[in-house]
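Have the sequence and the model open side by side, and let us walk through them together. We will go from domains to strands, and then across to the partner chain.

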Amino acid sequence: MPKTDQFLTGAEVAVQAAMDAGAGAMYGYPITPTTEIFSGWIKRGNKYLQTEDEIAAGFAICGAVLAGQKAFTATAGPGHILMQDSLSMAEGMRLPFVTIVGQRGGPSSGTVIYSQQEVFLACFGGNGEGFRIVYSPSGLEELYSLTRKAFNSAWKYRFPTFVLTDGYTLKMRGIVNLENTTKNIDAYPLVPEGKNVHLPNIYTFEEDLNKVIKDAQADFNKFAKEIVESAEYQTKDAEILLIAHGIVAASATEAIDEARKKGIKVGMFRPITLRPFDAKKLNSIAGQKKLKKIAVIESSAGQLERLVKENMDPENILSIRGVQFPALGIETQDIINFINNVSS
Amino acid sequence: MSIGTEILHFIQNDKKYMTYVPAKFCPGCGYPIILMLLGKLLAEKKLDPKAVLGLDIGCSLLAINSLPINTFHTHHGRVTPTMMGFKRARPNSICIGLTGDGGGYAIGLQSLMHAARRDEPITIFLINNSVYAMTGGQTAPTTLKNQKTDTNPDGSKEEPFFGLELLKNVVKNGSFLARTAVNDPKQLQEFLAKAIETQQAGHFALVEILSFCPTNWKTWGQSTIDFLNNLKKEFKMGEVK
């Protein structure tokens with residue numbers, strides 16, 4: 001498909017990405033702010049089922065991927081919590097389960113459009129070890145490319161895979177060039193006809209489960225090098241380093257441009273995969289001699305900051321400052337105000 | 001020799017239909033009877049390559065690798081939506097869910113009811129032994145009034161729950177709902193076959209099978225048979241729909 005300008009919402013972009021990725025079915029339950037992904041998918045004539053709850057949607061996906069179909073869901077907040085039941089099975093049985101999460105305010109029913117509070121739930125939800133792949137797109141075009149990538153990573157590496165976005169991103173409309181150049185990885189049956197496979201997720205002996213976890217951990221650590229992604233902006237001479245992900249990073253980019261006009265040397269590290277996390281790149285930037293301050297900016301009370309700290313070399317941790325707007329949108333001006341405060 | 005032990009004896013001498021792995025079910029459990037008859041049915045109908053047996057969590061999980069067909073575990077109460085997703089993705093498969101009374105009628109009832117309402121072409125075999133057996137004999141939706149359990153040591157205060165009679169009101173024409181017992185192997189075989197045929201015809205089927213649990217009933221020999229026969233008086237046997 002040639003590259004053309006389109007005027008699309010985030011939800012429409014996500015639907016296009018899932019279709020281009022070759023997804024065969026969507027199972028879902030309406031919840032704001034991801035309902036438009038579901039209804040948009042349906043309106044374009046794709047296979048779907050609206051289930052009785054997110055639990056059924058999630059397990060239907062488990063069944064579908066066992067049969068060899070690329071199936072996915074989109075959910076948020078309380079629905080994301082219910083989805084963890086099946087996501088835990090997907091983690092335990094290494095099922096290529098793709099979830100688009102539109103983060104909304106929490107805890108509980110919270111607010112319905114926006115937050116960055118589902119980072120831990122996506123990365124570490126369930127009663128396992130967090131062997132999941134979590135992409136955090138910043139902007140509509142990246143929402144497309146990372147959703148495409150999520151399907152490929154899920155089927156290549158066989159870990160539950162998330163596109164962790166938010167209602168602002170899904171509901172905003174913008175001009176996009178969707179580059180459909182990614183080659184799809186084909187789905188294949190995990191339970192092939194007549195093969196007598198027996199796939200457990202519950203074990204009699206501690207040693208058996210221990211081996212399953214160790215194998216998954218070894219694979220996760222091995223594949224992490226291929227999966228991990230991050231971006232940096234204006235970091236070379238930076239004295240102040242901002243760390244942000246998703247839509248907040250878009251505000252931060254604008255704020256950096258403004259601050260640079262006044263001669264303030266500020267840059268940004270942006271994790272694109274929150275799990276696995278690009279610790280190597282983070283530490284190479286955080287260890288730069290000129291750097292004086294590091295600020296983690298997020299619409300949460302410190303979920304990204306905790307991820308950053310666990311991945312950061314000890315000598316850099318003390319200089320981290322959290323700039324937290326839990327469940328609040330962060331505008332460019334908010335970040336400019338912060339930069340002005342710390343640089344004065 | 002009781003009917004149950006006769007069948008168990010038969011199973012031990014029939015290598016065609018079951019995979020020989022170390023015995024996992026308790027002595028006197030009814031599950032192996034059902035599995036052997038299911039294995040026999042699938043082999044006779046030559047459906048074994050297309051058959052997929054999904055297992056709920058509870059005693060049903062022990063059935064993994066017990067038949068020479070594809071098997072996998074799901075979660076407690078979640079076998080119905082999992083098999084639904086499998087069947088929709090691969091419509092020519094024979095999708096069978098094996099669950100207990102707790103998994104089917106308590107934690108998984110919502111999914112079971114909606115799968116029945118939508119007439120999903122899957123087959124659920126629900127084993128009713130009137131208790132949560134794997135966790136040590138707690139009250140189930142199917143526990144009889146005054147039956148003593150781990151969580152109702154003075155006897156259950158509630159009337160038992162009749163799942164088939166509830167689902168009768170939501171299923172579509174062509175679906176199959178029936179109740180039988182492991183000590184009636186003739187009817188059990190008939191209903192297993194009819195449930196699979198119902199799926200092949202594109203409809204939902206649920207067979208509730210009353211089964212032995214001497215471990216949690218704290219019965220032995222004849223008293224186990226007596227307990228099951230008493231359950232058969234409380235739960236109406238035969239085709240419900």
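In this predicted model, 26 residues of domain 1 of chain A are in contact with 22 residues of domain 2 of chain A. On the domain 1 side, the elements that give two or more residues are helix 5 (119–124), strand 6 (133–135), strand 7 (161–166), helix 7 (167–171) and helix 8 (206–227) of chain A. Sorted by class, that side has twelve nonpolar, twelve polar and two charged residues. To place the two halves in your viewer, colour residues 5–227 of chain A as domain 1 and 230–343 as domain 2. Their C-alpha centres lie 27 Å apart.

Next, look for the sheet in chain A. Seven of its strands make up an open sheet with mixed pairing, and the order across it is 3-2-4-5-7-6-13. Strand 3 (48–50) and strand 13 (273–275) stand at the edges; each has a single partner strand, so one side of each has no neighbour in the sheet. On average, neighbouring strands of this sheet are turned by 20° against each other, direction ignored.

Strand 4 of chain A is a good place to pause. Which strands does strand 4 of chain A pair with? One is strand 2 of chain A, in the parallel sense and over two bridges. Another is strand 5 (residues 98–103) of chain A, where strand 4 (residues 71–75) pairs in the parallel sense over four bridges. You can follow Phe72(A) in both directions: Met26(A) stands opposite Phe72(A), while in strand 5 of chain A the bridge partner of Phe72(A) is Val98(A). Further along, Thr75(A) has Val101(A) as its bridge partner in strand 5 of chain A.

How enclosed is strand 4 of chain A, and why? Five of its five residues are buried, so the strand is largely enclosed by the rest of the structure. A residue counts as buried here if 20 or more other C-beta atoms lie within 10 Å of its own. In a regular strand the side chains alternate between the two faces of the sheet. For strand 4 of chain A, both faces are covered, with Ala71(A), Thr73(A) and Thr75(A) buried on one side and Phe72(A) and Ala74(A) buried on the other. Helix 3 (residues 54–67) of chain A lies across strand 2 (25–28), strand 3 and strand 4 of chain A, and runs at about 160° to strand 4.

Helix 3 of chain A also takes us over to chain B. It is among the elements that cover the buried residues of helix 5 of chain B, together with helix 3 (79–89), helix 4 (101–107), strand 4 (123–128), helix 6 (163–167) and strand 8 (205–210) of chain B. Which residues of helix 5 (residues 109–117) of chain B are buried? They are Ser111(B), Leu112(B), Ala115(B) and Ala116(B). These residues cover an arc of only 130° around the axis, which puts them on the same side of the helix. An α-helix has 3.6 residues a turn, so residues three or four places apart point the same way. After helix 5 of chain B comes Asp119(B), whose phi is positive, near 60°.

Now zoom out to the whole interface, where 29 residues of chain B are in contact with 31 residues of chain A. On the chain B side, strand 2 (70–73), helix 3 and helix 5 each supply at least two residues. Helix 3 of chain B gives the most, with eight residues. This side of chain B divides into 13 nonpolar, twelve polar and four charged residues.

Strand 2 of chain B is worth a closer look. It pairs with strand 9 (residues 198–199) of chain A in the parallel sense over two bridges, and with strand 1 (residues 51–55) of chain B in the parallel sense over four bridges. Thr71(B) takes part in both pairings: Thr71(B) is the bridge partner of His198(A) and also of Leu53(B). Asn70(B) and Phe72(B) point one way from the strand, Thr71(B) and His73(B) point the other way, and all are buried.

Let us finish at Thr123(B), in strand 4 of chain B. Thr123(B) counts as buried because it has 29 C-beta neighbours inside 10 Å. Leaving aside neighbours within four places in sequence, Thr123(B) is in contact with Cys95(B), Ile96(B), Ala195(B), Ile196(B), Gln199(B) and Ala205(B).

Notes
Residues are numbered from 1 along each chain as its sequence is written. Chains are lettered from A and ligands numbered from 1 in the order in which they are written. This is a predicted model: local features need pLDDT of at least 70, side-chain atom pairs count only at pLDDT 80 or more; totals for chains, interfaces and linings use all residues. Two strands pair if DSSP finds at least two bridges between them. Axes are lines fitted to C-alpha atoms, for helices over the stretch in contact, and angles run from 0 to 180 degrees between N-to-C directions. Two residues are in contact if their C-beta atoms, placed from the backbone, lie within 7 Å. A residue is buried if 20 or more other C-beta atoms lie within 10 Å of its own, exposed if 12 or fewer, and partly exposed in between; C-beta atoms are placed from the backbone. The arc is that of the directions from the helix axis to the C-beta atoms. Ala, Val, Leu, Ile, Met, Phe, Trp, Tyr, Cys and Pro count as nonpolar, Asp, Glu, Lys and Arg as charged, and the others, Gly among them, as polar. Domain bounds come from an automatic or database domain assignment.
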